[in-house]
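These are my notebook entries on a structure that I had not examined before. I began with the whole chain and then turned to single residues.

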Amino acid sequence: MVELEGIAEAPADVLMDVAPRIGFGSRVRKSPFFDATLRWGCKAYSTYNHMYMPLYYESPVADYWKLISDVTLWDVAVERQLEITGPDAAKLVQYLTPRNLSTMEVGQCKYVVICDQHGGVVNDPILLKLGQNHFWLSMADSDLLLWAKGLQVHSGFNVALSEPDVSPLQIQGPVSTQVMADLFGDWINDLKYYWFREAELEGMPLVISRTGWSNERGYEVFLRDGQYGDILWERIMAAGKPYGIAPAAPSTIRRVEAALLSYGADMDLGVNPFELGLGRLVDLEMPAEFVGKGALRRIAAEGPLRKLVGMTLGGSALESPNEEPWSVLDAEGALAGKVTSAVYSPRLDRNIALALLRQNIALEGSEFQVIAPSQQLSGTVVPIPFYNPKKLKAAS
């Protein structure tokens, strides 16, 4: 063991082959489903939007196979809702995002990006339109409520902003529709992709959407009263038992296979939508103003400096996803970009990754060296998504 200057080496009897306990206290919140996740065997948690988020139950790989084979139930209450109401709600929502919302209907969902004044991504939520002036933004892991409050102060829009008592579950997997139909009736079969419907289940107020973060068929069930968290969880598990339902969590393996982006990993304030391949979510011609319009117009005219690409990585199967970005080097050893997400796909039997590379060298078939912890891997640029049998893209 190396002894740092001024820091004594720990005594041998103190060194223990155990993970340290990290405590967060009451500032990290628990979801209405937290106790249920413990009962059903969750083995690890992360934090997301200042809440505990399950990571896996049996194992990340075992949970992945259950997701793609049968049906799984996820506690994703960490997807907090930014509720926007009031006479100017539609104006503020449009001001927040460069996506043109002029044709959006009540009952519809849309994937949007929220940009800052420089075009950097603040958040990439799902937008739900509950009424002409009633919206939810189902947030990724950043403080969108605070950003929206700042814009409200300076915009003068007459709106109310809040985080309501709304906690979503996701029911994801190829037989999710059968479970949902048993719970709610045959109308589930007619619910279109990226649309939702308000409903009740045994007195529990809900919103049901055909959305999810798995690229499998799936639904989100937004509970509008947290006191029913335990009851709703157990009711869904009971309905799913004949179909082999299992508790699980958002699967890094499946989302990288599908090239679904993760805020904080693949994007942040330093990345713009054009670099991420999300230019379809930016309408620079619409008359409505939105934050970052000038910056995004300039980026579109000059062309993005980087491009998000898929890569296959050599070497043995990665034991776990990357916990930090990995540097990517070109043939001359110069920095070419970074791997943002990397994981081993058991279905594809290879290591796969998403990477941000310099635009001029982000060409299909190009080869690079990736500097991972304790090893150097070969990397080859390939098309994304890595696996999408129906050739569908989650574009709504």
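**Entry 1: burial and overall form.** I first looked up how much of the protein is covered, and 52% of its 396 residues count as buried. I note that the model is predicted. I then asked whether the overall form fits a compact globule or departs from one. For 396 residues such a globule would have a radius of gyration near 21 Å, and the protein has 22 Å, so the two agree. I recorded the span of the C-alpha trace along its principal axes as about 60 × 55 × 50 Å.

**Entry 2: elements and contacts.** I looked up the secondary structure and found eight helices and 21 strands. I next took the contacts between residues at least 6 apart in sequence, and 65% of these join residues at least 24 apart.

**Entry 3: surface and charge.** I noted an exposed area of about 18500 Å², of which carbon and sulfur atoms supply 52%. For charge, I recorded 35 positive and 47 negative side chains. The centres of these two sets lie 7 Å apart.

**Entry 4: Thr37.** I found Thr37 in helix 1, which covers residues 34-39. Is Thr37 buried or exposed? Its relative accessible area is 0%, and Thr37 is therefore buried, the cut-off for burial being under 20%. I then looked for a polar partner of its side chain: a polar atom there lies 2.6 Å from the backbone oxygen of Phe34. Leaving aside residues up to four places away in sequence, I listed the residues that Thr37 touches as Cys42, Tyr45, Pro54, Tyr57, Asp75 and Trp233.

**Entry 5: two residues with positive phi.** I looked up Asn49 and found its phi near 50 degrees, a positive value in a residue other than glycine. Asn49 is in the loop between strand 1 (44-48) and strand 2 (51-56). Glu202 also has phi near 50 degrees, again positive in a residue other than glycine. I placed Glu202 in the loop between strand 12 (196-201) and strand 13 (204-209). Which of the terms buried and exposed applies to each of them? Asn49 counts as buried because its relative accessibility is 5%. Glu202 is exposed, because its relative accessible area is 56% and the cut-off for exposure is over 50%.

**Entry 6: a cis peptide bond.** My last entry concerns the peptide bond from Ile384 to Pro385, which is cis with omega near 5 degrees. I located Pro385 in the segment after strand 21 (375-382).

Note on methods: Residues are numbered from 1 along each chain as its sequence is written. This is a predicted model: local features need pLDDT of at least 70, side-chain atom pairs count only at pLDDT 80 or more; totals for chains, interfaces and linings use all residues. Side-chain values use heavy atoms; hydrogens and water are left out. Helices (H or I, at least four residues) and strands (E, at least two) are DSSP runs, numbered from the N terminus. The radius of gyration is taken over C-alpha atoms; the globule rule is 2.2 Å times the number of residues to the power 0.38. Buried means under 20% relative accessible area, exposed over 50%, partly exposed in between (1.4 Å probe, protein chains only). Contact means heavy atoms within 4.5 Å. Accessible areas come from the Shrake-Rupley method with a 1.4 Å probe; for residues, only the protein chains shown count as cover. Lys and Arg count as positive and Asp and Glu as negative; His and the chain ends are not counted. The place of a charge is taken as NZ of Lys, CZ of Arg, CG of Asp or CD of Glu. A polar contact is a pair of N or O atoms within 3.5 Å; within protein, one must be able to donate a hydrogen and the other to accept it, and residues adjacent in sequence count only if both atoms are side-chain atoms.
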